[in-house]
Amino acid sequence: MAKTLDLVPVTEWGFFTLPRPMVIAGPCSAETEQQVMETAKGLADEGIHVFRAGIWKPRTHPGSFEGVGTEGLKWLRKVQKEYGLKVCTEVASEKHVYECIKFGVDMVWVGARTTANPFLMQEIADALKDTDIPVLVKNPVNPDIDLWIGALERLNRAGIRKLGVIHRGFSTSEKIAYRNAPGWQLAVELRTRYPDLPFFADPSHMGGDRKYIKELSQRSLDLGFEGLMIESHCFPSCALSDAKQQLEPKVLGEMLASLLVREKDSSDEDYKSGIHQLRAQIDILDENLLYMLKSRQEISRKIGQYKKEHNIAIVQTSRWDSLLAEMVRKGTEYGLSEKFVTAVFNAIHEASVQTQNEILEA
Ligand code: PEP
Ligand code: MN
């Protein structure tokens with residue numbers, strides 16, 4: 001059972017005007033004072049209240065633009081003063097935290113590479129102790145929900161109660177269209193465990209290309225995410241980092257206006273009775289599924305016993321390959337995707353192999 005987090009509701013942070021989506025926007029990196037001010041002005045004109053800009057940039061290769069450093073914090077202060085925006089940046093060490101405190105940064109976020117590192121997370125949590133700065137924690141680069149939760153726990157133990165998360169997708173070696181694999185199910189699992197934690201999606205880093213920002217934003221709102229963090233630059237194509245995935249402030253404003261924000265719930269009686277009936281049907285099907293899986297497991301056990309008596313190996317690859325192909329064919333006829341059917345049957349097969357293994361070893 002997940003431990004609970006002691007949280008201050010996001011509505012009390014004084015940052016966002018709800019309803020959804022709460023938007024954080026700004027350049028991947030602060031590059032020059034002019035670029036920061038021009039982008040911030042454009043965003044303020046679009047009704048954005050919270051400005052982001054990376055000051056220290058974690059880059060894959062040395063020699064790439066690694067951020068302007070402390071100098072940029074002065075520009076963020078100017079953004080607060082001139083446009084009344086709240087400002088936030090990424091911290092990856094205690095030095096970054098101290099600099100942010102010194103310059104009055106309103107909120108910080110922890111980047112994906114840092115969330116994956118418990119030593120750094122502890123260092124950051126200790127440095128933030130006794131401050132009232134909200135902290136947003138990006139998912140770790142690898143799809144490990146416990147690392148993500150561990151980072152939140154370290155901050156919470158240090159007394160940080162204004163906490164939120166940013167889902168930016170996971171590194172993958174698979175060839176996919178997006179820069180990072182969305183892995184929505186893991187984010188949804190975290191959401192289910194911590195329903196009071198404000199959730200942001202970062203469609204810029206997830207998609208890696210501005211052409212995906214709208215679809216990923218819509219998807220995350222449909223999943224009930226409360227907020228979006230989107231990279232925006234006054235001249236995106238000239239950006240010194242992540243040039244492909246930033247939107248001009250005006251284009252961002254248009255994109256946001258085009259998003260459909262669905263209600264999280266409704267008190268409408270017709271809706272309630274309709275959804276109640278549909279959920280009741282799903283519950284019955286789920287019970288049936290469980291019963292069938294149990295029955296299948298029993299037969300697996302018998303097969304295991306039978307193979308053991310006849311000294312036969314557990315896995316016959318050819319049998320499994322043809323069974324899977326047949327299921328995919330039939331599934332497609334039912335309108336189920338190949339990916340879905342394959343994932344379901346691979347999970348069933350894995351459980352079956354394990355059952356038979358246990359029998360063999362007994
Ligand atoms: C960023 O927000 O600019 C950044 C470096 O993101 P991530 O940690 O998600 O890679
Ligand atoms: Mn970036």
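Are Cys-28 and Asp-242 buried or exposed? In this predicted model, both residues are buried. They belong to the metal site, which is described below after an outline of the chain.

The protein chain has 362 residues, of which 45% count as buried. Its secondary structure comprises 13 helices and 8 strands. The C-alpha trace extends over about 80 × 50 × 40 Å along its principal axes. According to the domain assignment, residues 10-258 form domain 1 and residues 270-361 form domain 2. The centres of domain 1 and domain 2, taken over C-alpha atoms, are separated by 40 Å.

The manganese ion (ligand 2) has four protein donors named in the model: Cys-28 through SG, His-205 through NE2, Glu-231 through OE and Asp-242 through OD. These donors lie 2.0 to 2.3 Å from the manganese ion. Along the chain, the donors follow the spacing C-x176-H-x25-E-x10-D. Cys-28 and Asp-242 link distant parts of the chain, being 214 residues apart. Cys-28 is placed in the loop between strand S1 (22-26) and helix H1 (33-45), and Asp-242 in the loop between strand S8 (227-231) and helix H10 (249-258). Both of these donors count as buried because their relative accessible area is under 20%.

Ligand 1 is surrounded by Cys-28, Arg-52, Lys-57, Glu-90, Trp-109, Gly-111, Ala-112, Arg-113, Lys-138, Arg-168, His-205 and Glu-231. Cys-28, His-205 and Glu-231 are among the residues around ligand 1 and are also among the donors of the manganese ion. By residue class, the shell around ligand 1 divides into 7 charged, 3 nonpolar and 2 polar residues. Polar contacts to oxygen atoms of ligand 1 involve both side chains and backbone. A polar side-chain atom of Lys-57 lies 2.8 Å from an oxygen atom of ligand 1. For Ala-112, a backbone N or O atom is found 2.9 Å from an oxygen atom of ligand 1. In the side chain of His-205, an N or O atom is 3.3 Å from an oxygen atom of ligand 1. On its own, ligand 1 has 300 Å² of accessible area, and the protein covers 97% of that area.

Two residues other than glycine have a positive phi and are described here. Asp-130 has a phi near 65° and is located in the loop between helix H5 (118-128) and strand S5 (135-138). Its relative accessibility is 76%, so Asp-130 counts as exposed. Asn-311, which is not a glycine either, has a phi of about 55°. Asn-311 occupies the loop between helix H11 (269-309) and helix H12 (317-333). With a relative accessibility of 71%, Asn-311 also counts as exposed.

The loop between H11 and H12 also holds His-310. His-310 has a relative accessibility of 46% and therefore counts as partly exposed. The C-alpha atoms of His-310 and Val-36 are 74 Å apart in space, and the two residues are 274 residues apart in sequence. Gln-281 is located in helix H11. Gln-281 counts as partly exposed because its relative accessibility is 48%. From Gln-281 to Leu-228 the C-alpha distance is 34 Å, with their positions 53 residues apart in sequence.

Two further positions were examined in the same way. Asn-117 is in the loop between helix H4 (112-115) and H5. The relative accessible area of Asn-117 is 26%, so this residue is partly exposed. Asn-117 and Ile-160 are 43 residues apart along the chain, and their C-alpha atoms are separated by 18 Å. Arg-154 is part of helix H6 (residues 145-157). At a relative accessible area of 30%, Arg-154 is partly exposed. Arg-154 and Ile-124 are 30 residues apart in sequence, with 9.0 Å between their C-alpha atoms.

Terms used:
Residues are numbered from 1 along each chain as its sequence is written. Chains are lettered from A and ligands numbered from 1 in the order in which they are written. This is a predicted model: local features need pLDDT of at least 70, side-chain atom pairs count only at pLDDT 80 or more; totals for chains, interfaces and linings use all residues. Side-chain values use heavy atoms; hydrogens and water are left out. Donors are N, O and S atoms within 2.8 Å of the metal (3.2 Å for Na, K and Ca); water is not among the atoms, so sites may look incomplete. Helices (H or I, at least four residues) and strands (E, at least two) are DSSP runs, numbered from the N terminus. Buried means under 20% relative accessible area, exposed over 50%, partly exposed in between (1.4 Å probe, protein chains only). Domain bounds come from an automatic or database domain assignment. A residue is near a molecule or strand if one of its heavy atoms lies within 4 Å of it. A polar contact is a pair of N or O atoms within 3.5 Å; within protein, one must be able to donate a hydrogen and the other to accept it, and residues adjacent in sequence count only if both atoms are side-chain atoms. Accessible areas come from the Shrake-Rupley method with a 1.4 Å probe; for residues, only the protein chains shown count as cover. Ala, Val, Leu, Ile, Met, Phe, Trp, Tyr, Cys and Pro count as nonpolar, Asp, Glu, Lys and Arg as charged, and the others, Gly among them, as polar.
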